[in-house]
Amino acid sequence: AKANGRNNYQFFKEAMNLTAARHFELESSLRGALAANEFELYFQPIMDIGTRRLHAMEVLLRWRRGGASGELVTPDQFIPIIEENGMIVPIGEWVIREACRQSKVWQSQGMTPVPLAVNLSPRQFMHRGLVESIRAILDETGIDPALIEFEITETALMQHGEQTLEILGHINAMGIRLSIDDFGTGYSSLAYLKRFPVKKIKIDRAFIKDLEQSAEDRAIVAAIIALSDSLQLSVVAEGVETEGQYALLQQHGCQYAQGYLFSQPVPHITAQLLLPRT
Ligand code: C2E
Ligand code: CA
Ligand code: CA
Ligand code: CA
């Protein structure tokens, strides 16, 4: 048993080293990624449930590791690393600028842009220069602030008390709308969130996944929608994959839906095909 124990330990140590090595390797190739222009924005439609038309698009970051013909790396593999080492600040700023720039390009090409929802990470949100850099980007690109929204998780909001209200107030005053992302996974209540200048909440995919099978999830989703209604918040259901889920959300009066049922996140050349032309 002792020998076996040591083998397990040995195995565990190797697995840990592998993870650490992979982490180190990713972190060092991420260092030059922004300068080498290896990041790309993908866009995923958010649909109006009533009309089944495009309402907005969420901006999702991708990393083309090693340049043009490199592999496409999804955020779960690198966001935690750049969140930890602080690189999320310049990269996140690039995301906001690039989203604004893309919206302007679409406009200049005769398309009617829909609002773009950009994710803000907790670290980015805490960063002192955030408000100033948003202001500079709005100035520089000349974008209508109504065409940009920020998504922030409830956990990020709960972390920084008074400072949070102040930052949200500044962003709101610029005319940029705010949504609560991954709603239901943190520890906040909708009533509490009402203190913040938030217009929209996004129900986490965890509650949508088994909507058709689980009466409990249906009850939770119905309650979130009902309470949001009475607080005059819009609701987006995330991760909608089936017509059955869509029908249930419609029955419960959910306004917006996002998920593979409509589209996966797509590059800008595909996303622009979804935009109405003026
Ligand atoms: P999120 O903000 O909750 O974004 C939604 C995620 O769910 C996206 O994953 C999207 O591709 C995925 N998704 C959408 N519809 C479906 C569906 O029907 N089924 C399933 N299974 N998944 C669906 P993605 O693009 O891999 O992004 C993962 C997370 O990375 C995001 O979660 C967000 O927290 C973070 N992220 C992405 N881009 C950025 C960014 O620019 N800045 C920051 N700070 N975080 C980002
Ligand atoms: Ca999001
Ligand atoms: Ca989400
Ligand atoms: Ca999520």
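## Helix α7

In helix α7, the buried residues are T164, I167, L168 and I171. Around the helix axis they cover an arc of only 100 degrees, which puts them on the same side of α7. The face turned away from this buried side carries the exposed residues E162, E166 and A173. The structure described here is a predicted model.

The length of α7 can be checked against its residue count. The helix has 13 residues (161-173), which at 1.5 Å a residue should span 18 Å; the end C-alpha atoms are 19 Å apart, which agrees.

## Helix α5

A similar check can be made for helix α5. Its 12 residues, 130-141, should span 16 Å at 1.5 Å a residue, and the distance of 17 Å between its end C-alpha atoms agrees with this.

Which residues of α5 are buried? They are L130, V131, S133, I134, I137, L138 and T141. Seen down the axis of α5, these buried residues fall within an arc of 165 degrees, so they line one face of the helix.

## Helices α2 and α3

Helix α2 covers residues 75-85, and its buried residues are F78, I81, I82 and E83. Just after α2 comes G86, which takes a positive phi of about 90 degrees.

Helix α3 runs over residues 88-108 and contains G92. G92 is buried, with a relative accessible area of 6%. Between the C-alpha atoms of G92 and N119 the distance is 8.4 Å, while the two residues are 27 residues apart in sequence. N119 is also one of the protein donors of the calcium ion (ligand 2).

## The calcium ion (ligand 2)

Which protein atoms act as donors to the calcium ion (ligand 2)? They belong to E58 (OE), N119 (OD1), E151 (OE) and D181 (OD), and they lie 2.2 to 2.3 Å from the ion. Along the chain, the donors follow the spacing E-x60-N-x31-E-x29-D. E58 lies in strand β2 (residues 53-65) and D181 in strand β6 (residues 177-183), so the pair ties together parts that are 123 residues apart in sequence.

E58 is buried, with a relative accessible area of 5%. D181 is buried as well, at a relative accessible area of 7%.

## The calcium ion (ligand 3)

The calcium ion (ligand 3) is coordinated by D181 (OD), by D182 (OD) and twice by E238 (OE), at 2.1 to 2.7 Å. The spacing of its donors along the chain is D-D-x55-E. What links the calcium ion (ligand 3) to the calcium ion (ligand 2)? D181 coordinates both ions, which are 3.8 Å apart. In other words, D181 bridges the two ions.

D182, another donor of the calcium ion (ligand 3), is found in strand β6. D182 is partly exposed, with a relative accessible area of 25%. Its backbone has a positive phi of about 55 degrees, although D182 is not a glycine.

## The largest pocket

The largest pocket holds about 1200 Å³ of space. Its lining is made up of 39 residues, and those nearest the pocket centre are E58, L60, N119, D181 and D182. Among these, E58, N119 and D181 are donors of the calcium ion (ligand 2), and D181 and D182 coordinate the calcium ion (ligand 3).

How many of the lining residues are nonpolar, polar and charged? The lining divides into 15 nonpolar, 12 polar and 12 charged residues.

## Strand β1 and the loop before it

N37 has its place in the loop between α1 (2-31) and β1 (39-48). Is N37 buried or exposed? At 58% relative accessibility, N37 counts as exposed. Phi of N37 is near 65 degrees, a positive value in a residue other than glycine.

L41 is placed in strand β1. With a relative accessibility of 8%, L41 counts as buried. L41 and H268 are 227 residues apart along the chain, and their C-alpha atoms are separated by 7.3 Å.

Technical notes
Residues are numbered from 1 along each chain as its sequence is written. Chains are lettered from A and ligands numbered from 1 in the order in which they are written. This is a predicted model: local features need pLDDT of at least 70, side-chain atom pairs count only at pLDDT 80 or more; totals for chains, interfaces and linings use all residues. Side-chain values use heavy atoms; hydrogens and water are left out. Donors are N, O and S atoms within 2.8 Å of the metal (3.2 Å for Na, K and Ca); water is not among the atoms, so sites may look incomplete. Buried means under 20% relative accessible area, exposed over 50%, partly exposed in between (1.4 Å probe, protein chains only). Helices (H or I, at least four residues) and strands (E, at least two) are DSSP runs, numbered from the N terminus. On a 1 Å grid over the protein atoms alone, a cavity is a set of points where a 1.4 Å probe fits but cannot get out, and a pocket is an open set with protein on both sides within 12 Å along at least five of seven lines; lining residues have an atom within 4 Å of a point. Grid points are joined across faces, edges and corners, and a volume is the space filled by probe spheres set on the points. Ala, Val, Leu, Ile, Met, Phe, Trp, Tyr, Cys and Pro count as nonpolar, Asp, Glu, Lys and Arg as charged, and the others, Gly among them, as polar. The expected span of a helix is 1.5 Å times one less than its number of residues. The arc is that of the directions from the helix axis to the C-beta atoms.
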